[in-house]
Structures are given as C-alpha cells and as structure tokens.
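Dear colleague,

I am handing over the structure we discussed, and I would be grateful if you could open it alongside these notes.

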Amino acid sequence: NSFCTLLCVLFMARRLSLSAVSVLLISLALCVPVGAQQSSLSAVIAAKESALSTLASHAATLHRARCTSLSTCGGDAACSVPACGNSFPQSHGFACTSDFGTNAGRCGSSCPGMVRSLNTSVVRYPPGVSLSDAETQAFTCGTRSLDTDFNTQRANGNIAAWQYIGHDSGSIRIYPGAAQERTTAGCGNYDARLRPWYIAGSSGPKDIVLVIDVSGSMQNDLIAGFPNRGTRMAATIAATTALLGTLSPNDNVGVVMFSTDASVLGGASTLARATPENIASLQQQLGRVFPEGRTRFNTGFERAFNLMRATTENANCNRVVLFLTDGHAEETQAEVLANLTTWQA
C-alpha cells in the first residue's frame, strides 16, 4: 500500500518588457509506503523540486535566447512536432500504444490505443495564433532543446509525469508527445492561458471576489435592438462562469450579487477554497440568478470588502475584486470612489 499525493510546481520567467509570462508546470505523482515517516515524503518532494529547478533554470536560459534561436531553427519541421499535425514519425519515438488508454478521436480507428512519444515533445497552438508571428516562432524554436531535459529527467526517474511549458500566446510544449484530439472540423481548441495551472503560475495564489450586477437593467439586450444576441445578464453569467473555471485550489473565491441590496452567492460568510466541487456549485447557482431591483454599487463593494476581511487563511495572497456591471449606477462616481478609499484602508 502507498500514500500518494500530487505535487504541482510552477516556474515563471518574465520577459524584459514585463508584459508577458512563460510558465512551466510539472505535476508529479509521488507515492511512498503507508506508515513511512513524514521525512520520507519531504525528501521525495525535495528531490523532485531540485530536478524541476534544474529544468526551470534551463528553460529560463532558453527563453532569454529565444530570438537568437530563430536563426538556427531550420524551419517548422526541424523545430518541433505539431500536436495538430498529420505526421508523428517513428524516428521521433511516436508509436501507437495502449499504455495511456484508448482514444479513437485522437488516433483514428487504426490505432488501438494512443499515439505517444517518450522521446519527443509536441507543440499546440490556440485558435487565432499565427505561425508567422515572430514571438510564436521564437517560443517554438527556443524550447525545442528541452526534449533533452525532459528525457534526462524521466530516464533518471526524477520526473515521470507530464511536463509543460506555456507561452503568453497560448502556445504550449507538451512532453510526452501526444497527438491532439480532432474531429472532421479540425483539432480541438486548447489555449494554455485559460488553464488553471497557467493562471495560477502567472498570478500566484489569490483571494478573489467577483462582484456582479443583478439589477433590473441587466435584463436589457446586450446590444440594443438585437434581442437575438442575448441579455446583459446572460453575458455576465457566461463571463463569471468562465472566470470561475480558471481558478485553482490555491485560490479562495466568493461571488457577490448586488442590486438594491447585496448578497453572497451560496450564503457564504468567508471566501471558499476554489476546489472543483466549490467551483461547480457556484457555477450551478449562477444559472438560477434573476435580475431585479435598483443599481447600487456601494452595496456590492461593501459586501465584497467585508467578505475579503473575514477571510484570513491566506493573509499573503494577492487580493482581487472583479466588478461586472452595465454601468448604470445610482451613486455618483465621487461617492463610490470615496467609499472605496475607506473600505481599502
């Protein structure tokens, strides 16, 4: 019998412009015998973190030299294997294997398993990203030599799990190499920037309150005269649902709804850990929100700051309030700003 835990370590390398972030995540499944001393688990974690630190250091060096790498890349084919490609050559270690389960959507009916490579990583690009963009090319070419590091860490038994490096364009290099799932319409959408691990790495753990306007005016058309485009409330709920989906258990979250008065979704008195179960519950409750009443910004902000102050678990977290409204407030801007100054003191 073994006791297993999941270790996620994030590495962040900022560009000189400070306008973007590359994040490297490695998730490690660590198992030690039941009854083992706590020091045993600590030693295993320390060894994995040391291995990751070595990998992250090389990634940072490559990131700084990414523009130089463009001159020696030798074209897309020489740089990397695209996950949404048509060729996964055996010379790069790709083979049909059932060791990772089966998925005909990724590999086709001719493969009774999945196409994987333990020698080569693949690169995924999100919709809208042009391969002619110099920064995207630089990321692709600049990180190609990480395959050597990936293989070394795996061969040494240091890191046997998935290893990712994500770019601020939404592109991502993945090891082991895996074909991207596709349909007749093309490959599935994947944007690294929307993944919880990327957001957690780029923003750090945070206490976050989403303050949403549920007043009567939110029933109006999102675009005046175009009822088929939906309502402002529907757009706000969709945005809030998407934002909640980007959070991780490293975060604490709450949702405040305001109109004439304000309340906390679910009746919470403090922020809740952003576990998958708590996020799913909040998203489900959002579907039952009905807009009515007047629009009083101060009620929403006051409840949000009270909720934040009542949460002391992560005193060193970044603290964020996100405010979603159609902008039709009863109070003047001066009144709202004066109160915000008081509540933030």
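Below are notes on one strand and two single residues.

Please keep in mind that this is a predicted model. The strand is β5, which covers residues 114–117, and its two faces are both covered, since M114 and R116 on one side are buried, as are V115 and S117 on the other. In a regular strand the side chains alternate between the two faces of the sheet. Strand β5 pairs in the antiparallel sense with β4 (residues 95–97) over 3 bridges, where V115 is the bridge partner of C96, and it also pairs in the antiparallel sense with β9 (residues 177–178) over 2 bridges, where S117 stands opposite G177.

The residue T143 lies in the loop between α5 (134–142) and α6 (146–155). Is T143 buried or exposed? Its relative accessibility is 7%, and because the cut-off for buried is under 20%, T143 counts as buried. Leaving aside neighbours within four places in sequence, T143 is in contact with L62, I165 and R173.

The other residue is R303, in helix α10 (residues 297–309), and it is partly exposed, with a relative accessible area of 34%. Not counting residues up to four places away in sequence, R303 touches V256, A262, S263 and V264. Of these, A262 is 41 residues from R303 in sequence, while the C-alpha atoms of the two are 6.6 Å apart in space, and the side chain of R303 reaches the backbone oxygen of A262 at 3.3 Å.

With kind regards

Methods:
Residues are numbered from 1 along each chain as its sequence is written. This is a predicted model: local features need pLDDT of at least 70, side-chain atom pairs count only at pLDDT 80 or more; totals for chains, interfaces and linings use all residues. Side-chain values use heavy atoms; hydrogens and water are left out. Buried means under 20% relative accessible area, exposed over 50%, partly exposed in between (1.4 Å probe, protein chains only). Helices (H or I, at least four residues) and strands (E, at least two) are DSSP runs, numbered from the N terminus. Two strands pair if DSSP finds at least two bridges between them. Contact means heavy atoms within 4.5 Å. A polar contact is a pair of N or O atoms within 3.5 Å; within protein, one must be able to donate a hydrogen and the other to accept it, and residues adjacent in sequence count only if both atoms are side-chain atoms.
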